[in-house]
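Subject: Handover of a structure, with notes

Dear colleague,

I am passing on a structure to you with this message, and below it I have written out what was found in it. Please read the notes with the coordinates open beside them.

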Amino acid sequence: MIIDVAIVSLERIGLALVAGGGIVLAACVRPFFAGGMKNSTEEGKIMLEKLSIAYWNRYNRLALLGVCIVFVLEAIRFFAGTAFSAAMLAGLPVMALLFGRKLVIDKQLRRRTEGGAAVIESEEQKRGHREAELISKLVIPLAAVLLAIGV
C-alpha cells in the first residue's frame, strides 16, 4: 500500500535525523568548540559555550520533534492494523524522555553561562555536559537500532 510506504519512509527519515544529527554534532561540532575554548579569552569562552549549547539545543528540539512524529506515525500504523514495530512503540517514548532531559540540561547549562568564564569551567557545568554526553551515547545507538529493525 502506498500510504504504508510513505509512513515507513517518513519514519526512517526521522530516525536518520536523530542518529545522523547526533553523530555530526558529536564528531564535528563539539571538538571544534572544545578546541576553540582552550585558547580563548574569558569572553571567547563564554561565547563559544553559549554557541555550543545553542547548537545542541536546536538539535535536541528538532530530534525530539522527529521522535514524536515517528511515534505518531507508528501509532497510526498500530491502530490501522497494518504492520508495526513493537520495539519502536517502546523505544520512541524512551528517546522522547531522554531528549526532554537533555533540554532541561541545556537550559541549566545556558543559565549558568551568565556567571562568567569561572562558572563555565566549574564542576557543576562539567557534570551537566557529561550527563548530556551520556544521554547522547544512549540515544544515537537506540535510534540506529530502531532504524535498522523498523518494519
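The notes below go from the whole chain to two helix pairs and then to single residues.

Please keep in mind throughout that this is a predicted model, and that the values quoted here were computed from it.

The whole chain

The chain contains five helices and zero strands, so that its pattern, read along the sequence, is α-α-α-α-α. Taken along the principal axes, the box filled by the C-alpha atoms is roughly 60 × 20 × 20 Å. The chain has 151 residues, of which 40% count as buried, and its accessible surface comes to about 8,300 Å², with 70% of that surface belonging to carbon and sulfur atoms. If one takes the contacts between residues at least 6 apart in sequence, 76% of them join residues that are at least 24 apart.

Helices α2 and α3

Helix α2 covers residues 42-80 and helix α3 covers residues 86-112, and their axes, which come within 9 Å, cross at roughly 160 degrees. Angles over 145 degrees count as roughly antiparallel, and α2 and α3 are therefore roughly antiparallel to each other. The crossing in which α2 passes α3 is left-handed. Sorted by class, the residues in the contact of α2 with α3 are 19 nonpolar, two polar and five charged.

Helices α1 and α5

The second pair joins helix α1, residues 2-38, to helix α5, residues 123-149, with axes that come within 9 Å and cross at roughly 145 degrees. The crossing of α1 and α5 is left-handed. On the α1 side the residues that meet α5 are R12, L15, A16, V18, A19, G22, I23 and R30, while on the α5 side they are E133, V139, I140, A143, A144, L146 and L147. The residues of this contact of α1 with α5 divide into 11 nonpolar, one polar and three charged.

Single residues

I53 lies in helix α2, and with a relative accessible area of 4% I53 falls under the 20% cut-off and is therefore buried. Once the neighbours within four places in sequence are left aside, I53 is in contact with D106, L109, R110, T113 and Q125. For one of these partners, L109, the separation from I53 is 56 residues in sequence, whereas the C-alpha to C-alpha distance in space is 7.3 Å.

Two arginines of helix α3 may be worth viewing one after the other: R111 has its place in α3, and R112 has its place in α3 as well. Which of the terms, buried or exposed, applies to R111? R111 is exposed, because its relative accessible area of 54% is over the 50% cut-off. R111 and K50 are 61 residues apart in sequence, and their C-alpha atoms are 9.6 Å apart in space.

R112, in turn, is buried, because its relative accessible area of 16% is under the 20% cut-off. With its neighbours within four places in sequence left aside, R112 is in contact with V119, E124 and Q125. Q125 appears in the contacts of I53 and also in those of R112.

With best regards

Note on methods
Residues numbered from 1 in each chain as written. Predicted model: local features only at pLDDT ≥ 70, side-chain atom pairs only at ≥ 80, totals over all residues. Heavy atoms only, no water. Axes fitted to C-alpha atoms, helices over the stretch in contact; angles between N-to-C directions. Helix = DSSP H or I, 4+ residues; strand = E, 2+ residues; numbered from the N terminus. Parallel < 35°, antiparallel > 145°, perpendicular 65-115°, else oblique. Left-handed = near helix turned anticlockwise from the far one by under 90°. Nonpolar A, V, L, I, M, F, W, Y, C, P; charged D, E, K, R; others polar. Buried < 20%, exposed > 50% of the residue type's maximum accessible area, 1.4 Å probe, protein only. Contact = heavy atoms within 4.5 Å. Areas by Shrake-Rupley, 256 points an atom, 1.4 Å probe, with all protein chains shown as cover.
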